[in-house]
Amino acid sequence: MKKFYKNCPVVFIALFVFTTCLFSGLYAKAASQYYYQIKIYHFKNATQESRLDAYLQNAYIPALHKAGVKNVGVFKLIKQDSLDRKIYVVVPYRTWDALENTDQKILKDQTYLDAGKDYLDAPYNNAPYARIETIIARAFVNAPVPNMPDLTGKKADRVYELRSYEGATEKLHASKVKMFNIGDEMAIFKKYGMNGVFYSEVIAGSHMPNLMYMTTYNTKQDNIDKWKQFGKDAQFVALGKMPEYQHNVSKGESFFLYPTDYSDY
């Protein structure tokens, strides 16, 4: 055996190169996955809403753009809860380092500090919001980057649907993630033009284990029609019958949103 190894150095070189390329490829694919920060501002009244809009439009989003963060989405619920109103801010980051450090980085931007003064220097008894809820998610392997939706309808009529699928256990949740990636459920969304902005697995949030994704539509009727097509699709029906994908969603929630005038989406 030693004689074989000695006389066949090419085998070892080839094996080494193959192994290195394999793991480098896997690392590169994993490293290319975006991280999404979903900030949900809870506010009480029109005054707070106006102050939040001013901060996001004139200070926060311009500062993120300046720091290299593109395509920031700002959305509001089509039907607001009068007791708990919300603004959703979706920030896509290329790397974990960017997610961790960008907010600290923009605090050194004097233009941001000046434009956001009302928000940043708000007194304790006159806050611009009630609470901030933050969700951190990692893009699916087979949908590593966010997409700009291909919509033709008026921005005011568009519907952005943010969905959360919770799993009863970590194993069942992993099954649903697999259904999206290996089962290629995302291809069905694409087939019917449901404009997936992002697909992700939540890694920090209040409803774990869960995944979240966002699809978009020209109108509410467009949303209804395309979901009907999706539900009847032969591939989706077949996936739903596979034993490995049974009972992998214990709770599903849909949030119907519209983009603000200053949203990048």
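Among contacts in the protein chain between residues at least 6 apart in sequence, what percentage join residues at least 24 apart? In this predicted model, the share comes to 80%.

**Figure 1. Overview of the protein chain and its closed barrel of 8 strands.** The protein chain of this predicted model has 265 residues, of which 42% count as buried, and its secondary structure comes to 10 helices and 8 strands. The barrel follows the order β1-β3-β2-β8-β5-β7-β6-β4, and the pairing of its strands is antiparallel. From one strand to the next, the twist averages 35°. As a general point, strands of a sheet pair through backbone hydrogen bonds, and they do so in either a parallel or an antiparallel way.

**Figure 2. Strands β1 and β3, with helix α3 packed on the sheet.** Strand β1, made of residues 35-43, pairs with strand β3, made of residues 85-93, in the antiparallel sense and over 9 bridges. Within this pair of strands, Gln37 stands opposite Val91, which belongs to β3. Helix α3, residues 46-66, packs on the sheet and touches β1, β2 (73-77) and β3, while the direction of the helix makes about 10° with that of β3.

**Figure 3. Helix α3 from its start to the residue just after it, with a bend at Leu56.** At the start of α3, a side-chain oxygen of Asn45 reaches to within 3.2 Å of the backbone nitrogen of Thr47. The helix has 21 residues and spans 29 Å from its first C-alpha to its last, which is close to the 30 Å expected at 1.5 Å a residue. At Leu56 the helix bends by about 40°, and just after α3, Gly68 takes a positive phi of about 95°. The buried residues of the helix include Gln48, Arg51, Leu52, Tyr55, Leu56, Tyr60 and Ile61. The buried residues of α3 pack against strands β1, β2 and β3, and also against the helices α4 (96-106), α5 (110-115) and α6 (117-120).

**Figure 4. Strand β7, covered on both faces.** Strand β7 runs over residues 210-217, and 8 of its 8 residues are buried. One side of the strand carries Asn210, Met212, Met214 and Thr216, the other carries Leu211, Tyr213, Thr215 and Tyr217, and all of these are buried. Strand β5, residues 159-166, is joined to β7 by 8 bridges, and the two strands run antiparallel; here Tyr165 has Leu211 in β7 as its bridge partner. Strand β6, residues 196-204, also pairs with β7 in the antiparallel sense, over 5 bridges, and Gly196 stands opposite Thr215 in β7. Strands β6 and β7 form a hairpin, with 5 residues between them.

**Figure 5. Gln33 and its contacts, in the loop between α2 (9-31) and β1.** Gln33 has a relative accessible area of 7% and is therefore buried, the cut-off for this class being under 20%. The side chain of Gln33 reaches the backbone oxygen of Ala139 at 2.5 Å. When its neighbours within four places in sequence are left aside, Gln33 is in contact with Arg94, Arg138, Ala139, Phe140, Val141 and Pro144.

**Figure 6. Ala143, in the loop between β4 (131-139) and β5.** Ala143 counts as buried because its relative accessibility is 13%, and the class takes in values under 20%. Although Ala143 and Tyr199 are 56 residues apart in sequence, they are 6.3 Å apart in space, C-alpha to C-alpha. Apart from its neighbours within four places in sequence, Ala143 is in contact with Met186 and with Tyr199.

**Figure 7. Lys191, in helix α8 (residues 185-191).** Is Lys191 buried or exposed? Lys191 is exposed, because its relative accessible area is 56% and exposed residues are those over 50%. A polar contact of 2.8 Å joins the side chain of Lys191 to the side chain of Asp233. Lys191 and Lys226 are 35 residues apart in sequence, and their C-alpha atoms are 10.0 Å apart in space.

How values were computed: Residues are numbered from 1 along each chain as its sequence is written. This is a predicted model: local features need pLDDT of at least 70, side-chain atom pairs count only at pLDDT 80 or more; totals for chains, interfaces and linings use all residues. Side-chain values use heavy atoms; hydrogens and water are left out. Two strands pair if DSSP finds at least two bridges between them. Helices (H or I, at least four residues) and strands (E, at least two) are DSSP runs, numbered from the N terminus. Axes are lines fitted to C-alpha atoms, for helices over the stretch in contact, and angles run from 0 to 180 degrees between N-to-C directions. Contact means heavy atoms within 4.5 Å. The expected span of a helix is 1.5 Å times one less than its number of residues. The bend at a residue is the angle between axes fitted to the seven residues ending there and the seven starting there. Buried means under 20% relative accessible area, exposed over 50%, partly exposed in between (1.4 Å probe, protein chains only). A polar contact is a pair of N or O atoms within 3.5 Å; within protein, one must be able to donate a hydrogen and the other to accept it, and residues adjacent in sequence count only if both atoms are side-chain atoms.
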